[in-house]
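Reader: I would like a close look at a single part of this model, followed by whatever can be said about ring contacts elsewhere in the chain.

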Amino acid sequence: MDRNVQLPPQLIRPFKVAPSSRSLEAEMPINDISQHFPKLADTSLLECVEGGKELGALRVGVVLSGGQASGGHNVICGIYDYLNDFAKGSQLIAYLNGPKGVIVGDSTEITPETVDDYRNVGGFQWLGSGRDKIEGEELLSKAFKTVQADELDGLIIIGGDDSNTNAAVLGEYIAEHGGGCVVIGVPKTIDGDLQNAFVDISFGFDTATKIYSETIGNICFDALSAKKYFHFIRLMGRSASHVTLECALQTQPNFVLIGEEIRDKQITLEEIGQDLAKLVIERNKAKKPFGVVLVPEGLLEFIPEMKGLFSQIQDLVSAKKEVRSNLSEEALKTFDSFPESFQAQLTQQLDPHGNVKVSQIATEELLIRLTKKYLAEAGYEGTFNPLGHFLGYEGRCGPPTDFDAIYCLGLGRVAAALVGARLNGYMSAISGLANSPDKWKPFALPLVSLIHMEKRHGKLKPVIRKALVDLDLLPFQQFAKQREGWKIEDQYRCPGPYQFTGKPVPPKLLEG
Ligand code: FBP
């Protein structure tokens, strides 16, 4: 396959950067966090435009960070291609198993043969990934030593909100210590919560939501055929409900919970349980003892009485204190209403960035339990055969959709160009993604413009703001307009498997 066959011309030519006619301040809320990033604070939005020149040979490092997302391998291929085309003699050094690879200096060089083995291949298995955080003097200085020892001109961190925060922190540290290596971030995450006026969507979201929608659609049709099970499907996506909302629009199930709506309308756990019980009763009256309910994995954090409990658990777990005996009276009441197995899931260790590991909490089982409780209270004696599902890891590593494949090659090329332009603390961004690729516009977006202060591990820290579902925007509005019609009248959609037109698996595997 001609590796550039799908890329539009403006992403193939060499870029140069120029001040943008668009204004950051006019298009997004900006917080003043300059005291935390004095070296990166003086930044402006730049556009990548045609007219770039051949660069001298560069030494560029790359690392995959955080959860897997389809297209990651193509970002690396895009970086490699750009260097190969416009910075002859460059070397691309890949750090293994996530940020830890940068800390300990564990790396391998990307060669032309391996590039062609991984182009358009899902997963992160080429380099491996990890959630280690490069934080604190000891780890930052180790990472600095690695980039110095490897004589890097630039390090490209492919990651989500937390990993891109880490890119800014490391870029600041290197600049403060007189290093010449620049740090560039690339927006990755299936969660879709790394988006703003210049990053329409992070890569991986498109592939993941298509994989989940295929399965949800299949389950909907099974429910409609067998007419005996109520399926409660929890979907990955940490805090924001973007994944659930997109899958809802694709498959039109009977009931969908959106965390951000529950927070804004202050809907309680009891009200959710009662709504679900009402749905079962009404469908049963219509001779439909079956149904499909979508649940975002981050739901609990948005429920008013759970928010306080979550925040207390986060503080106590961070401080390594026993949870139950240290909860406030109100939080304890909520905590004690849950079965022990669920309490254990809630109080497990946080991830290295201070997040509760929501993928390990069986919220769908809790909702099934609540539905049963309110059905019993309503004196319901009809059928209710619930089945819980979790769609998570299976969505993160499929072959990238055509969209993610092209987008990621482009993001990689832009990231390489930003290293060539010696920009420090910028994100490789492409906007206008709803248009055909020949109209996409590449940008260099200052990472600090995305950062605000947030409580992590019990302390306020500068981190990239997560973009949650906005109830005033079109996706939610479309959903809100249609959802009543999905409750009893079954309007299920079964989108089927997504199409991929590139080279799907490495030739080596085909040859066996
Ligand atoms: P990133 O933010 O790093 O992209 O990870 C997102 C995610 O896939 C979430 O949707 C999920 O809650 C979490 O990772 C699961 O983490 P882990 O792979 O550590 O179990």
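Which residue follows α11, and what is the sign of its phi?

Author: The model is a predicted one, and within it α11 is followed by K287, whose phi is positive, near 60 degrees. The helix itself runs over residues 269-285, a stretch of 17 residues, and from its first C-alpha to its last it reaches 25 Å, which is close to the 24 Å expected at 1.5 Å a residue. Its buried residues are L269, I272, G273, L276, A277, L279, V280 and R283. Because these residues cover an arc of only 150 degrees around the axis, they lie on the same side of α11. The spacing along the sequence can be read against a general rule: an α-helix has 3.6 residues a turn, so residues three or four places apart point the same way. On the face of α11 turned away from the buried side are the exposed residues K278 and K285.

One of the buried residues, R283, also takes part in a contact with a ring, since its charged end sits over the ring of F290, at 4.9 Å from the ring centre. Another arrangement of this kind involves R234, which lies over the face of F390 at 3.9 Å from the ring centre.

Contacts between rings are a further topic, and the count comes to 15 aromatic pairs. Among them is the pair of F198 and F443, which is edge-to-face, with 5.3 Å centre to centre and 70 degrees between the planes. This pair links distant parts of the chain, for F198 is in the loop between β7 (182-187) and α8 (205-226), whereas F443 is in strand β13 (residues 441-446), and the two are 245 residues apart. Both F198 and F443 are buried.

Y407 and W440 form an aromatic pair that is likewise edge-to-face, at 6.2 Å centre to centre and with 80 degrees between the planes. Here too distant parts of the chain are linked: Y407 belongs to helix α17 (residues 402-420), and W440 to the loop between β12 (426-431) and β13, 33 residues apart. Y407 counts as buried because its relative accessibility is 0%, and W440, with a relative accessible area of 3%, is buried as well. Finally, ring pairs link F15, Y82 and F86 into a cluster.

Terms used. Residues numbered from 1 in each chain as written. Predicted model: local features only at pLDDT ≥ 70, side-chain atom pairs only at ≥ 80, totals over all residues. Heavy atoms only, no water. Helix = DSSP H or I, 4+ residues; strand = E, 2+ residues; numbered from the N terminus. Expected span 1.5 Å × (residues − 1). Buried < 20%, exposed > 50% of the residue type's maximum accessible area, 1.4 Å probe, protein only. Arc of directions from axis to C-beta. Phe/Tyr/Trp six-rings, centres within 6.5 Å; stacked < 30°, edge-to-face > 60°. Lys NZ or Arg CZ within 6 Å of the ring centre and 35° of its normal.
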